[in-house]
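These are my notebook entries from one sitting with a model, kept in the order in which I looked things up.

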Amino acid sequence: MKCPIDLSLYLVTNRKALEFEDFFNIIRASINGGVRIVQLREKDSSARDMIIIGKKLLSILKPLGIPLIINDRVDVAHAVGADGVHLGQSDLRVGEARAILGKKAIIGLSVESLAKATVAIEEDVDYLAASPIFHTKTKADCGEPWGLDGLKQLCAVSKHPVIAIGGIDETNAKQIIECGAAGIAVVSAIFNASCPKNAALRMIHAVSKYADYNHFQ
């Protein structure tokens, strides 16, 4: 049986032009502030580079008990020995990813509409990601935003925990949790923050104050 996954504050990486040490320092600081799970998202990197970065990141996260999720790339997740993978609608199918990574792997799936979410309800995933909630440059390639009403509908019908991503920070975290989400996934709110630790602290405080932890027990 799997251990419960704490999805309350989920960091999605955005390295861009950052030096590696700065990149890892931001992640370390955010964990000190309350990040509970980290997804390595390297859209422009080769598989080889992702594996190198992933193994370094795993060496930081594993001793702290923080799960490492790889975005899209099941092959990279397998090679790194990561805790799981996050899939989009055009990536490898959930069943295929599960066959490669095993029953204990954490598998998340992005959903961009209620129609896709209805299909995903029966998938063997650990959580769904409503993407995006609000307009954001980070998720510019996604469809129409869910908005708070859409998120509320998704949380009401999903048997899987739901996290929200896209335009989320400390100012709207409370609203996200009140819609029924198990947690918030953030990118810019931490990577663009002057102090990633303090940014994470403020967000985890907002989430913890309003969350019903039965969502991800």
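Entry 1, helix 4. Which residues are buried in helix 4 (residues 94–101)? I am working from a predicted model, and in it I find Val 94, Ala 97 and Arg 98 buried in this helix. I then looked at how they are placed around the axis, and they cover an arc of only 100°, which puts them on the same side of helix 4. This fits the general rule that an α-helix has 3.6 residues a turn, so residues three or four places apart point the same way. Following the buried residues of helix 4 outwards, I see them pack against helix 3, strand 4 (84–87) and strand 5. I also noted the residue just after helix 4, Gly 102, which takes a positive phi of about 95°.

Entry 2, strand 6 and its partners. I went next to strand 6 (residues 127–130), where Tyr 127 and Ala 129 point one way while Leu 128 and Ala 130 point the other way, and all of them are buried. The chain reaches strand 6 from strand 5 through helix 5 (residues 114–120), and I record this β-α-β crossover as right-handed. Strand 5 (residues 106–111) pairs with strand 6 in the parallel sense over four bridges, and along that pairing Gly 108 stands opposite Tyr 127. Strand 6 also pairs with strand 7 (residues 162–165), again in the parallel sense, over three bridges; here I find Leu 128 opposite Val 162.

Entry 3, Val 38. I looked up Val 38 in strand 2 (residues 37–40) and asked whether it is buried or exposed. Its relative accessibility is 0%, so I count Val 38 as buried. Setting aside neighbours within four places in sequence, I list its contacts as Leu 11, Thr 13, Ile 27, Leu 57, Leu 61, Ile 66, Pro 67, Leu 68 and Ile 69. For a separation along the chain I took Leu 9, which is 29 residues from Val 38, and the two C-alpha atoms are separated by 8.9 Å.

Entry 4, Asp 72. I placed Asp 72 in the loop between strand 3 (68–71) and helix 3 (74–80). Its relative accessible area is 18%, and because the cut-off for buried is under 20%, I enter Asp 72 as buried. Not counting residues up to four places away in sequence, Asp 72 touches Lys 43, Val 85, His 86, Leu 87, Gly 88 and Asp 91.

Entry 5, cysteines. How many disulfides does a search of the whole structure find? The search gives zero. Cys 155 is in no disulfide, and the cysteine sulfur nearest to its own, that of Cys 179, is 6.8 Å away. Starting from Cys 179, I come back to Cys 155 as the closest, and I write no bond between them because 6.8 Å is too far for one. I checked accessibility as well: Cys 155 counts as buried at 17%, and Cys 179 is buried with a relative accessible area of 9%.

Entry 6, confidence. I closed with the pLDDT, which averages 92 over the protein chain, with 93% of the residues scoring at least 70. I marked residues 213–217, where pLDDT stays under 50 and for which the model has twelve contacts beyond four places in sequence.

Methods: Residues are numbered from 1 along each chain as its sequence is written. This is a predicted model: local features need pLDDT of at least 70, side-chain atom pairs count only at pLDDT 80 or more; totals for chains, interfaces and linings use all residues. Side-chain values use heavy atoms; hydrogens and water are left out. Buried means under 20% relative accessible area, exposed over 50%, partly exposed in between (1.4 Å probe, protein chains only). Contact means heavy atoms within 4.5 Å. pLDDT is the predictor's confidence in each residue, from 0 to 100. Two strands pair if DSSP finds at least two bridges between them. A crossover is right-handed if, with the strands pointing away from the viewer, the path from the first strand over the helix to the second runs clockwise. A disulfide is a pair of cysteine sulfur atoms within 2.5 Å. The arc is that of the directions from the helix axis to the C-beta atoms.
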